[in-house]
Amino acid sequence: MTLVLFGLFFLFMLLGVPIAFAIGASSLYALYQSGVPLMVVTQQMFQGINSFALVAIPMFILAGDLMAQGKVSERLVSFADSLVGFMRGGLSVVSVMAGMFFAAISGSGAATTAAVGSSLVPELKRKGYDPASAASLIAASGTIGVVIPPSVPMIIYAVIAQQSVSSLFLNGFLPGLAMGIALMAIAITQAYKRQYPKGTPLSLATIWRTLKAASWGLMTPVIILGGIFSGIFTPSEAAVVAVNYALLVSLFVYRDLTLPQVYKLLIRSAMTTAVIMLVIAMSAVLSWTLSSWQVPGAIAQAVLSLSTNPYVIMLLVVAVILLTGVFIETASALIILTPVLLPLVLQLGIDPIHFGLIIVVGLSIGMITPPVAINLYVASSVTQLPLERITRAIIPYLLGLIGVLLLVVYVPILLGWSG
């Protein structure tokens with residue numbers, strides 16, 4: 001019956017059925033054929049989303065939308081430019097640094113790509129940067145948006161794996177920073193190879209001016225994460241604080257949003273949240289079904305029978321994560337893979353928080369690997385470039401991010417992991 005379940009799931013996916021309905025319909029049919037009372041479906045759907053930690057998801061999505069829609073991203077780009085714009089190919093480095101700044105606000109890869117791209121693309125074109133390479137770098141920088149906290153995928157993983165959101169957030173900084181450094185190194189190498197121009201001269205006065213202009217936006221992660229790690233409020237409460245702070249900054253400080261625009265953002269954020277919650281609810285049914293049939297344990301034993309070397313097994317796990325990210329978007333892949341792979345890595349002695357970092361970083365790379373590459377689609381929309389050109393240019397950055405993922409897996413102590 002397990003083969004029937006997965007066969008139906010992949011059939012629905014090939015037919016273009018939305019992921020939530022593909023998961024739900026295949027699970028429902030498998031349970032019906034097994035003679036399980038279908039009341040289980042509604043019970044598990046409710047239980048899957050009945051978590052206080054999930055309150056943070058719509059709040060962080062809304063806070064990110066509010067910041068992205070206003071002028072915060074432009075001020076962050078200007079501040080990043082004042083710091084590193086003097087270098088050869090400085091705007092490439094600015095793309096990455098601005099992406100890291102915005103990642104600490106939005107928790108979303110697509111939002112980070114859109115915000116940084118819309119602010120930087122016109123200037124990149126004007127300075128003579130290769131359009132496809134610039135667009136691919138911005139898309140690659142967007143992957144950091146779900147690694148540096150606050151991170152929506154980390155919240156989802158924490159709920160599924162019953163782990164601490166705060167611990168995941170605390171350990172997400174250095175992997176996100178490593179991703180940024182890897183992208184910067186590749187960007188600088190390409191800048192010298194292509195003889196990109198130097199940018200604005202380094203000036204302390206300019207740094208101070210842009211820092212003051214961007215300070216309200218830069219304070220967002222300080223308030224959110226400082227409040228969480230100091231114990232003042234929980235991650236869910238921090239998300240609500242983030243929304244209120246974003247409203248305060250956008251409506252009364254920068255005054256770059258109007259109430260009608262806020263209303264539209266509320267609707268958009270609600271729709272995004274509804275999709276995520278439906279996927280979580282349906283996936284809870286799938287997880288219960290697989291657990292009741294002891295499928296995760298069987299998969300773990302099958303993989304362990306292939307090799308006794310934990311390094312080889314983790315390489316297989318990484319391959320599965322990367323391959324899944326190619327075909328399934330991040331949240332859905334996370335919900336599907338976690339119940340299956342977590343029992344396996346626990347048998348290898350991998351800490352569940354460490355594995356949370358591995359799977360989030362691995363699936364973030366899926367945001368730039370077609371066909372399901374949301375960051376590439378956003379970058380294509382912002383730059384008006386064909387997806388094929390951006391996809392070819394993304395390869396060096398893709399390899400760099402995979403290198404960081406392998407560091408997270410095999411040498412986590414370099415990224416601050418102490419277990």
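In the predicted model, the largest pocket has a volume of about 950 Å³. Its lining comprises 42 residues, of which Ser 108, Ala 110, Ala 111, Thr 272 and Ile 374 are the closest to the centre of the pocket. At least two lining residues each are supplied by helix 4, helix 5, helix 7, helix 9 (152-161), helix 13 (259-292), helix 16 (330-347) and helix 18. Helix 7 accounts for the largest share of this lining, with seven residues.

Helix 7 consists of 18 residues. The distance from its first C-alpha to its last is 25 Å, close to the 26 Å expected at 1.5 Å a residue. A bend of about 40° occurs in helix 7 at Leu 120, and Pro 122 follows within four residues. Leu 120 is itself among the buried residues of the helix. The others are Gly 109, Ala 110, Ala 111, Thr 112, Thr 113, Ala 115, Val 116, Gly 117, Val 121 and Leu 124. Ala 110 and Ala 111 are thus listed both as buried residues of helix 7 and among the residues closest to the centre of the largest pocket. The packing partners of the buried residues of helix 7 are helix 4 (56-69), helix 5 (72-84), helix 6 (90-106), helix 8 and helix 18. After helix 7 comes Gly 128, with a positive phi near 90°.

Helix 18, which spans residues 374-383, buries Asn 375, Leu 376, Val 378, Ala 379, Ser 380 and Thr 383. These buried residues pack against helix 7 (109-126), helix 8 (131-142) and helix 19 (387-393). Gln 384 is located in the loop between helix 18 and helix 19. Its phi is near 60°, a positive value in a residue other than glycine. Most residues other than glycine have a negative phi. Gln 384 counts as exposed because its relative accessibility, 65%, is over the 50% cut-off. In helix 19 itself lies Glu 388, which is also exposed, with a relative accessible area of 52%. Between Glu 388 and Leu 3 there are 35 Å in space, C-alpha to C-alpha, and the two are 385 residues apart in sequence.

Enclosed space was examined as well. Three cavities of 30 Å³ or more are found in the whole structure, and the largest cavity contains about 80 Å³ of space. The lining of the largest cavity is formed by Ser 92, Ser 95, Leu 124, Tyr 129, Asp 130, Ser 133, Ala 134, Leu 137, Ala 187, Gln 190, Tyr 196 and Tyr 397. Two or more of the lining residues come from each of helix 6, helix 8 and helix 10 (165-194). Helix 8 contributes the most, with three residues. Leu 124, a lining residue of this cavity, is one of the buried residues of helix 7.

Two further backbone features were found in loops. The peptide bond from Pro 149 to Pro 150 is cis, with omega near 0°, and Pro 150 is situated in the loop between helix 8 and helix 9. Most peptide bonds are trans. In the loop between helix 10 and helix 11 (204-229) lies Gln 195, a residue other than glycine with a positive phi, near 55°. Gln 195 is exposed, at 53% relative accessibility.

A contrasting environment is that of Ser 283 in helix 13. Ser 283 counts as buried because its relative accessible area, 1%, falls under the 20% cut-off. With neighbours within four places in sequence left aside, Ser 283 is in contact with Ile 23 and Ile 335.

According to UniProt, in an unreviewed entry, the feature "transmembrane region" is placed at residues 46-64, 134-160, 172-192, 238-254, 266-291, 311-342, 354-374 and 394-417. Two of these segments were compared with the model. Residues 46-64 are 68% helix and 0% strand, and their end C-alpha atoms are 27 Å apart. For residues 354-374, the chain is 62% helix and 0% strand, with 25 Å between the end C-alpha atoms.

Methods: Residues are numbered from 1 along each chain as its sequence is written. This is a predicted model: local features need pLDDT of at least 70, side-chain atom pairs count only at pLDDT 80 or more; totals for chains, interfaces and linings use all residues. Side-chain values use heavy atoms; hydrogens and water are left out. Buried means under 20% relative accessible area, exposed over 50%, partly exposed in between (1.4 Å probe, protein chains only). Contact means heavy atoms within 4.5 Å. The expected span of a helix is 1.5 Å times one less than its number of residues. The bend at a residue is the angle between axes fitted to the seven residues ending there and the seven starting there. UniProt positions are given in the numbering used here, feature names are shortened, and annotations may be inferred rather than shown by experiment. On a 1 Å grid over the protein atoms alone, a cavity is a set of points where a 1.4 Å probe fits but cannot get out, and a pocket is an open set with protein on both sides within 12 Å along at least five of seven lines; lining residues have an atom within 4 Å of a point. Grid points are joined across faces, edges and corners, and a volume is the space filled by probe spheres set on the points.
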